[in-house]
Structure formats: structure tokens, C-alpha cells
Amino acid sequence: MVYDLADKAALLTELLSKPTGNYKSPAAPIPQTREVERNGDSLTVTVPESVMEEAAASVLEAEGLNPDEWEVTRFRRSEWGEGKVATRYEFKRTSRSQSMNKLSDGELDLIHRQTLGSGPVSMVTDGQGTMVVCIADTQFGKIESPSDVVLQATFDAINTAAHRVSLWNPERVVVAFLGDLIEGFVSQGGANAWRTQTPLSEQIRLARRTMIYAMQKFHETGIPFSMVAVPGNHDQGVRFGKGITRYDDSHDTEALIAVADAAKLSDRYKDIEFLVPETDELSVSMNLSDTHTVFTHGYMAKNGKYHEWVKGQAYNRNSLYHGCDVVFMGHWHAFHMSEDTDRTVIVAPAGERESTWFKHSNGAQGNPGGLLALLDSGKVLRTEILR
């Protein structure tokens, strides 16, 4: 690495830089008002913006009509004070609706093969989809969850996931570390210090070398892959009393940045992508095989209210969550997957063996493991728990 030592400001900026993941779905225009007039086979749609014909046709869908059965016959655009714009599209019903009901050649072929008893048709073709590997809440350092046991289980999960690459044959792999890789000393105001007998530097070293192990194993597969880390609550850099630093101040994300710096020193690992949240953010957002995917730790959500929290984040059109298809989170220790319309939320199981606090407060223990998921075209095609 060569630095410009003459420009101090530029040097500081370069040394503090980090690779971030901040993909955002294109925000579709949302009309404030709209008007639909129908008279038999004639239809007029008025919206208060200058929008494309396809956007006007989407209004038909909202009215329960099939846009393929209508075609635009006239367009008019009007402007008046304060820059206000109204566009009017006049549609006429066509005779295409009959042909649209016919099955395509591909659909007919699929039915024919199933009728002949050729067996189930695979949902995934060769080299399609993104395989996501989630490691969360290993919490290295806590007394009731020996680090050697957690390490062995985590490495076994990484080995199994790397082996699945040849079976699932994805076009891409993302290894996501979903926070709380270390136990740290900030949780519960530092009250857990007595139960955390591994020094902080050693906890961070275990997290960093776990990431290096994953990097080496997935590099051997020959599949393009990315590595992601997001902040948790245990790995926060500072949290005493009422004071915290920025939300991205995390030992976990800094561990991945250190791995990324090391990877730059070798041409062998130059094609790996490393991503952490932007300044003062908690999440990484990516477009994976046409699937808007967000990774976060999830400690801001409420237990069991995951979709409600995601909806709140997605309400902001500038948020990484706006328009997202799949959200991965950790923190809640037990595997959970649920769908709400076309959005899926997946909670990865914890890697730690036992939380005595959780056991005494809830009467239950976690079910440790890692997580695999295959994404394509906005959908989760399959999942597997790594135990």
C-alpha cells in the first residue's frame, strides 16, 4: 500500500475509508391523487405527474383490470401554476385478452413432462441464484459457552456451506456475519464482565480469524463471493451509561475491514468483495440475483415483530429497506422465517451454545447453528440449517 504523506487530510480520509454496501431499490413515483373513469370499453386514467405509459397501466392493475387487455389511444399533458402537471391516458379494450389466456410453449412443455412422470422440475438451473451463508451471535468469550466448542461448530458450519456450493451451484455466494460475534463487555452496562473471562483482544482475534477461515474456504470453491459484516449490540465499541459513539462503531465490522486490508496484500484474494455499513448505519443492502437483500443484526426490532419493524424502516423512501425483498437478521438466537406479501424476513440461529441469562429469563435455550439460503428473482428458493 502506497500513501500520499504530503496531503494530511487526504491521508486521514483514505485511512478511515471502508467498503460499504448501500444498494437501494429504484423508487417508483407514487401519485398523490389519481382518477379513473370507465365507460364500457373506454377508460381514462389521470395522474398528477408526467409518467410513462407503463406507470399509467399499473393504475389499471390497482383497479383489478388486466393491462394486457387495454391499449393507449390518446395522451394529453396539462400544466398549470406552481409547476403542477397532470397527464391523461385514454385506453381502449383490445381483443388480445383471448390470446393472453393461452398457455405458452414453455408452460405446455412443463405440463407435458410432469404428466409423463418425469419427476419434479428443479427450481434452480445451473449457475443461478445467490447462496447466502449466515453466521450470527457466536459471542466468543462467555463462560457458559466455551469458545473452543463454538469455534468447532462454526468451522463445521462453514465447511458444510462450502461443500453445498457444488450441490446448489449458485452464481454467487455471500458470507454474512450478522453481529455479536464477540461477547464483549458493554452488554448490560458491563454487568457481564465477571462471566466474560476471555480478554476483548482475544475475542476479536477469534472473530477475525473465523472470517479469514471462511474467506479461504469459499475462495477454494472458485465461485465469486462477497463477505459482509454488520454491527451487533455485544460488539459495540463503546456503550457505558448513556453514551455511545456512532452506530457503526463495531469490533465485528472492524474485524472484517482488517481482513479486507489483509486480502489487498495478495493478488490471490483481489476479487473478493467486502462490505460493512455506511457511517452511523447498522445495515448492508445488496442486489443479489435480482433480489433486494438487507443484512442487519436486528436488535432494534421487537421479538416476534420483525415484519412490523422492517415495514417501519421501509416507509422511508430513502432507506436501504425501501422496496427490499429479503431481510436477514440475528440477535434473537432461534431460527425464524416468515413472509408478509412479497417480503421475507429470516432470523438466523445463534452460534453460541447457551445463554444463561436467556434461560433464566425465558425458560428456554437456543438451538445453535448457521444458516444457508438461496435467493433468486426476489424469492427465497430454499433454506438449510447448518448443525
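## Close-up views of a predicted model

**Overview. The chain as a whole.** The secondary structure of the chain comes to 9 helices and 17 strands, and the coordinates shown are those of a predicted model. Of the 387 residues in the chain, 44% are buried. When contacts between residues at least 6 apart in sequence are considered, 67% of them join residues at least 24 apart. The chain exposes about 20700 Å², and carbon and sulfur atoms supply 50% of that area. The structure holds 9 salt bridges, several of which are taken up in the later views.

**View A. Helix H8 and the strands that cover its buried residues.** Helix H8 spans residues 306–315, and its buried residues are Tyr-306, His-307, Trp-309, Val-310 and Ala-314. Seen down the axis of H8, these buried residues fall within an arc of 160°, and they therefore line one face of the helix. This arrangement can be read against the geometry of an α-helix, which has 3.6 residues a turn, so that residues three or four places apart point the same way. What covers the buried residues of H8 includes strand S13 (326–329), strand S14 (336–340) and strand S15 (343–347).

**View B. Strand S13 between its partners S12 and S15.** Val-326 and Phe-328 point one way from S13, whereas Val-327 and Met-329 point the other way, and all of these residues are buried. Strand S12, which covers residues 292–295, runs parallel to S13 and is joined to it by 3 bridges; in this pairing Val-294 stands opposite Val-327 of S13. S13 also pairs with S15, again in the parallel sense, over 4 bridges, and here Phe-328 stands opposite Ile-346 of S15.

**View C. Strand S15 and its hairpin with S14.** Strand S15 is mostly covered, 5 of its 5 residues being buried. Both of its faces are covered, with Arg-343, Val-345 and Val-347 buried on one side and Thr-344 and Ile-346 buried on the other. S14 and S15 pair in the antiparallel sense over 5 bridges, and Met-337 stands opposite Ile-346 in this pairing. The hairpin formed by S14 and S15 has 2 residues between the strands, and Thr-341 takes a positive phi near 55° there.

**View D. A salt bridge between helix H8 and strand S14.** Lys-311 forms a salt bridge with Asp-340, and the closest N and O atoms of the two side chains are 2.8 Å apart. Because Lys-311 lies in helix H8 and Asp-340 in strand S14, the pair ties together parts that are 29 residues apart in sequence. Lys-311 is partly exposed, with a relative accessible area of 46%, and Asp-340 likewise counts as partly exposed, at 24% relative accessibility. Elsewhere, Lys-142, Glu-144, Arg-195 and Glu-352 are joined into one network by salt bridges that share partners.

**View E. Two further salt bridges and the exposure of their partners.** The side chains of Asp-248 and Arg-246 meet in a salt bridge with an N to O distance of 2.9 Å. In this pair Asp-248 counts as buried, at 7% relative accessibility, while Arg-246 counts as partly exposed, at 47%. In the other pair, Lys-217 forms a salt bridge with Glu-220, the closest N and O atoms being 3.9 Å apart, which can be set beside the cut-off of 4 Å applied to salt bridges. Lys-217 counts as partly exposed, at 22% relative accessibility, whereas Glu-220 is exposed, with a relative accessible area of 55%.

**View F. The surroundings of Ser-289.** Ser-289 lies in the loop between strand S11 (284–287) and S12, and this residue is buried, with a relative accessible area of 11%. When residues up to four places away in sequence are not counted, Ser-289 touches Gly-129, Thr-130, Glu-171, Leu-375, Asp-376, Ser-377 and Gly-378.

**View G. A buried residue of strand S2 and a nonpolar surface patch.** Val-45 lies in strand S2, which covers residues 42–47, and Val-45 is buried, with a relative accessible area of 0%. The C-alpha atoms of Val-45 and Thr-87 are separated by 8.2 Å, although the two residues are 42 residues apart along the chain. On the surface, Met-1, Tyr-3, Leu-5, Leu-15 and Leu-265 make a nonpolar patch of about 580 Å². Among these residues, Tyr-3 is placed in the segment before helix H1 (8–16) and is partly exposed, with a relative accessible area of 34%.

Definitions and conventions
Residues numbered from 1 in each chain as written. Predicted model: local features only at pLDDT ≥ 70, side-chain atom pairs only at ≥ 80, totals over all residues. Heavy atoms only, no water. Buried < 20%, exposed > 50% of the residue type's maximum accessible area, 1.4 Å probe, protein only. Arc of directions from axis to C-beta. Contact = heavy atoms within 4.5 Å. Patch = residues over 30% accessible without salt bridge, like charges linked within 9 Å, V, L, I, M, F, W, Y side chains within 5 Å. Areas by Shrake-Rupley, 256 points an atom, 1.4 Å probe, with all protein chains shown as cover. Pairing = 2+ DSSP bridges.
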